[in-house]
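Please read the following note with the sequence and the structure side by side. The points are numbered so that each can be checked in turn.

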Amino acid sequence: MINTLLLQAPAETTRYLVAGYTVIFGIMSLYIISLVVRTRNLKRQLVMLRELDQERK
Amino acid sequence: MESKPRMLTILDGITILLFLTAVGMVFFYAPLEAVMGQVQRVFYFHVANAWVGMLGFMVAAIAGIAYLRKGDRKWDIVGLSAIEISFVFFFTAIVSGSIWARGSWGTWWTWDPRLTTAAICELVYAAYFLLRQGIDDPDRRARFGAVYALLSFISVPLTFISIRIFRTIHPVIIGSGGSGAEGSFDMSPRMLQTFIFSLITFSIIFADLLWHRIRLGKLAEEAENLRLKTLQ
Amino acid sequence: MEPISQAEKQLTRKSSAPGLGQFIRAVSAVIWKDLAAELRSRELLSAMLVFALLVILVFNFALELDAGTRAAVTAGVLWVTFAFAGTLGLNRSMAMEKDRGCLDGLLLAPVDRSAIYFGKAIGNLIFMLIVEAIVLPVYSVLYTVNLFNPGLLLIILLGSIGYVAVGTLLSSMAVQTRTRDVLLPVLLFPLVIPILIAAVKGSTGFLQGVDIADIRPWINLLLVYDVIFIAVAFMVFDYIVEE
């Protein structure tokens, strides 16, 4: 502890921390959202396609 | 296939819990680094993301071999899912790494082995997606995807080694501090704990996302089969 | 189609002969077919050669090279040239195969599929070496640099082998896709980066008279790469050409 006081204080880099984690959380969220959206779309398509398939039979 | 397996819901819960704990550790438990300051906290998730990237690549290569030997299309879905996830996580690792570099020692990009190799992996994945896009026959698409995943998985470590022999300024993270490499820092016990916990958390996140993505892949395959059948 | 049917006859005639002999015969048949076809039309070599010389010319204007800088970048310029011209050769070699239906003919022959791979790869290697053999003296003359350095020639050989080993594999995949020619460089370049790094550093080392001990890691890297990928190609080629 005393060492830190005797040497320089750590660099003021909080804004980079914020930027870094915004990117990390942001990209992860976007990906998860994309998975949800794609799943929903596919399920909808499958319902339609299955109906079509039944009609043809 | 429609209903979500109970195991998956449990895994989702565990994943979220671990993730929240990891975030808490990063921001409140891990100590402030003496030289770089707050931005050093980015390091924990930056490395965890890169780790997931590598995991994904490995899973894809193994899935590729499995597909070539067994011919079961489910391995192709596993491979594609692993590479997609790996692509996203490597991208996150690269951007967060760039931000960390900027915050710690002033440059947006360092041509060091790890960051450069991650960037090359992204290009490999882009090539993988382009390759698949150019093939209509599902079996051939799976076969070529498997071959390319395997070839690139072998080539990337060689790339890493060659760049490493070429130059290095990436920090040495564990053990000896001040070991010549620019920007290295000592990890105190709490930092080490946070670091390892992040790696474990992200490995679980990878498994969870992989499972979800594979389910999506199976839906897509079913849809494609039906489409081919009904829209003859 | 003459050389092709001759090759097929050779293959089927000797189908009762023991494995290795038959394999070598098959490989030679493929190489000879490519060389013979090229001797008649010369379309592949001329395309590669003109392209390589143009690239060197473009570099002359793109990089303002004074004598000092030139020594440092010669290896880089040469290898970029070889990489691009090599892509051209790989593409055209496989495309000719596909377009003339020779690939199917070869696949019908009762011989191990990897013989086709080896035949094509060695053929591609020969073409690449011919182009390099012409580009080197031309570059020497244009820039008054002595490139007749045995170490350099060794690096060029090892690098070309690795490049062609992976390139032949990937071009046989690329030729079966819709995007074809455009896809090969995209697939190939990320994978041959170890070759490019090792070859450029090795070449520069030999050209600048660096101590051999410092160049050894690069030579080793090239050797390791070549061995690994030739072995992998052996195992994987069947899956690329199966129907």
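Leaving aside its neighbours within four places in sequence, which residues is B:F90 in contact with?

1. The model is a predicted one, and B:F90 makes a useful place to begin reading it. Once the neighbours within four places in sequence are set aside, B:F90 is in contact with B:A50, B:G53, B:A118, B:C121 and B:E122.

2. B:F90 also belongs to the largest nonpolar core, which has 144 residues, and together with B:V147, C:V166, C:L187 and C:L196 it is among the five that touch the most other members. The element that contributes the largest share of this core is α3(B), with 17 residues. As a general background to this point, nonpolar side chains in soluble globular proteins tend to be buried together.

3. Chain B as a whole contains six helices and zero strands, so that, read from the N terminus on, its elements run α-α-α-α-α-α. Along the principal axes, the C-alpha atoms of chain B fill a box of roughly 65 × 45 × 25 Å. Of the 232 residues in chain B, 45% count as buried, and among the contacts in chain B with a separation of 6 or more, 73% are between residues 24 or more positions apart.

4. The helix α2(B) allows a simple check of its geometry, because its 29 residues, at 1.5 Å a residue, should span 42 Å, and its end C-alpha atoms are indeed 42 Å apart, which agrees. Just after α2(B) comes B:G71, which takes a positive phi of about 75°.

5. Confidence in chain B deserves a careful reading, since the mean pLDDT of the chain is 87 and 91% of its residues reach 70 or more. Over residues 168-183 of chain B, however, the pLDDT is below 50, although this stretch still has 28 contacts in the model beyond near neighbours in sequence.

6. Two pairs of chains are in contact, and of these, chains A and B share the most contacts. On this interface, 32 residues of chain B are in contact with 28 residues of chain A. The helices α2 (42-70), α3 (73-105) and α6 (189-230) of chain B each supply at least two residues of the side that touches chain A, and the largest share, eleven residues, comes from α6(B). By class, this side of chain B divides into 17 nonpolar, eight polar and seven charged residues.

7. On the interface between chains B and C, 22 residues of chain C are in contact with 25 residues of chain B. The elements of chain C that give two or more residues to the side touching chain B are α8 (183-191), α9 (193-207) and α10 (212-241), and α10(C) gives the most, with eight residues. This side of chain C has 18 nonpolar, three polar and one charged residues. Chain A and chain C, by contrast, do not touch, and their nearest C-alpha atoms are 25 Å apart.

8. Is C:L63, which may be of interest in chain C, buried or exposed? C:L63 has 12 other C-beta atoms within 10 Å and is therefore exposed, since a residue with 12 or fewer counts as such. The place of C:L63 is in the loop between α3 (43-62) and α4 (67-99) of chain C. The C-alpha atoms of C:L63 and C:G167, which are 104 residues apart along the chain, are separated by 28 Å.

Conventions
Residues numbered from 1 in each chain as written. Chains lettered and ligands numbered in written order. Predicted model: local features only at pLDDT ≥ 70, side-chain atom pairs only at ≥ 80, totals over all residues. Contact = placed C-beta atoms within 7 Å. Helix = DSSP H or I, 4+ residues; strand = E, 2+ residues; numbered from the N terminus. Nonpolar A, V, L, I, M, F, W, Y, C, P; charged D, E, K, R; others polar. Expected span 1.5 Å × (residues − 1). Core = buried A, V, L, I, M, F, W, Y, C linked by C-beta atoms within 7 Å. Buried ≥ 20, exposed ≤ 12 C-beta atoms within 10 Å, placed from the backbone. pLDDT = per-residue confidence, 0-100.
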